[in-house]
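Below is a short note to go with the structure. Please read the points in order, with the model open beside the text.

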Amino acid sequence: MRFKSRYLLCELVLEDPRWRQNISQGTVVYNVREAIARTHGDFGAAACAVSLSVKYLNVYTGVLLLRCRKDFYQLLWSSLPFITSLDNRGQRIPCFINTLHVGGTIRTCQKFLIQYNKNQLLQLMKNCTNAAEKEAIRQSLQSCSLKSLEEPEFVLSKNEENE
Amino acid sequence: MDPMHGRMREQPKLAGPTSYERIVLKNPSEHHYMKVQLEFNGEGAQLSATQFKLLVVSALKNLHGEVGSSLPLDLLSFDEKTLCAVLRVCSRGLVKLWSSLTLLGHYKNHECSIRVIQTSPFLLALAGNSRELDLE
């Protein structure tokens, strides 16, 4: 049997969105580890350390995908709200982490994220004032689907296998 | 709600006036009680009840973090001569408490360990220890 994981799709909200560009995956992993060690002690840190990693970090939207072993993902999940600032090379950046979705595979998280972003765009459309804005949002709504994203990746990975 | 909910009372049929009551608890008990003893390697240190509680809580904090140290935990009695103590902890924290007591190794540069003598969901059970019975 394979080792099963849980993927936590989170939203990283910073006080000043400009700081997002400076944040790396290493920073996030370090701060999450520290938060687990603080809230759940040595036991929690050791239980989560086995396969804790950041699978995806989008510095433009602040979306974050964390991976953890299935047995102890609740320790990770419960310590995320206690992160109130990120330590980035000596700087303290006030922030908080919203958990959007917990999934068993990266694919379900990706599907959820697309649906979530679609809903956000629909909400934006409601608040639109002029026609040009509305048209731009409509176009981006039509362009979001998993298929157009997946196919080029699939072709790429096939090519790599052949090589 | 009926305060005796979940309890079953059985009145045994006895002819005489001496009758006893059997109470069976059907739901899991809220607290667990632990009788523990602190042991030092060689020369030990003197502790007060407060210091002992601090020692236990800091052991919990080391192993289980802030979540562990915020468990409902009470020190019911502490004997400064024998270093025996009775702890009360809510049932979901029993494993956490026990594991952190096991991994405790130091108090103020003295090597020490905590021996768990008895553990029970009923405080009355700690009153007598069958291992200390004097059998003829």
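Which domains does the domain assignment of chain A give? The points below start from there.

1. This is a predicted model. The domain assignment divides chain A into domain 1, residues 5-104, and domain 2, residues 107-148. The C-alpha centres of domain 1 of chain A and domain 2 of chain A are 26 Å apart. In the contact, domain 1 of chain A takes part with eight residues and domain 2 of chain A with five residues.

2. On the side of domain 1 of chain A that touches domain 2 of chain A, strands S1 (5-14), S3 (63-69) and S5 (91-103) of chain A each supply at least two residues. S5(A) gives the most to that side, with three residues. By class, that side of domain 1 of chain A has five nonpolar residues, three polar residues and no charged ones.

3. Chain A as a whole contains five helices and five strands. Their pattern along the sequence is β-α-β-β-α-β-β-α-α-α. Chain A has 163 residues, of which 22% count as buried. If one takes the contacts in chain A between residues at least 6 apart in sequence, 67% of them join residues at least 24 apart.

4. The largest nonpolar core has 28 residues. Within this core, the residues with the most contacts are A:Cys48, A:Leu66, A:Cys68 and A:Leu76. Two or more residues come from each of S1, helix H1 (25-49), S3, helix H2 (73-79), S5 and helix H3 (106-126) of chain A. H1(A) provides the largest share of this core, six residues.

5. Which residues is A:Cys48 in contact with, leaving aside its neighbours within four places in sequence? They are A:Ile36, A:Cys68, A:Phe72, A:Leu75 and A:Leu76. Apart from the core just described there is another core, of 19 residues, which includes B:Met34, B:Phe52, B:Leu87 and B:Ile114.

6. Is A:Ser140 buried or partly exposed? A:Ser140 belongs to helix H4 (residues 131-143) of chain A. A residue counts as buried if 20 or more other C-beta atoms lie within 10 Å of its own, and as exposed if there are 12 or fewer. A:Ser140 has 14 other C-beta atoms within 10 Å, so A:Ser140 is partly exposed. A:Ser140 and A:Ser51 are 89 residues apart along the chain, and their C-alpha atoms are separated by 36 Å.

7. Turn now to chain B. Five strands of chain B form an open sheet in the order S4-S5-S3-S7-S6, with antiparallel pairing. S4 and strand S6 (106-107) of chain B each have a single partner strand and stand at the edges, so one side of each is left without a neighbour in the sheet.

8. Strand S5 of chain B can be followed from one partner to the other. S3 (residues 31-40) of chain B pairs with S5(B) in the antiparallel sense over seven bridges. B:Leu87 in S5(B) is the bridge partner of B:Met34. S4 (residues 73-79) of chain B also pairs with S5(B) in the antiparallel sense, over six bridges. In S5(B), B:Arg88 stands opposite B:Asp74, and B:Ala85 is the bridge partner of B:Phe78. S4(B) and S5(B) form a hairpin with four residues between them. In the turn, B:Leu83 has a positive phi of about 60°.

9. Which side chains of strand S5 (residues 84-90) of chain B point to one face and are buried? They are B:Ala85, B:Leu87 and B:Val89. B:Cys84, B:Val86, B:Arg88 and B:Cys90 point to the other face and are not buried. The side chains thus alternate along the strand.

10. Two helices of chain B lie across strands of the sheet. Helix H1 (residues 49-69) of chain B lies across S3, S4, S5 and S6 of chain B, and runs at about 135° to S4(B). Helix H2 (residues 94-102) of chain B lies across S3, S4, S5 and strand S7 (110-120) of chain B, and runs at about 150° to S7(B).

11. The last point is the contact between the chains. How many residues does the contact take from each chain? Eight residues come from chain B and eight residues from chain A. The side of chain B that touches chain A has two nonpolar, four polar and two charged residues.

Key
Residues numbered from 1 in each chain as written. Chains lettered and ligands numbered in written order. Predicted model: local features only at pLDDT ≥ 70, side-chain atom pairs only at ≥ 80, totals over all residues. Contact = placed C-beta atoms within 7 Å. Nonpolar A, V, L, I, M, F, W, Y, C, P; charged D, E, K, R; others polar. Domains from an automatic or database assignment. Pairing = 2+ DSSP bridges. Core = buried A, V, L, I, M, F, W, Y, C linked by C-beta atoms within 7 Å. Axes fitted to C-alpha atoms, helices over the stretch in contact; angles between N-to-C directions.
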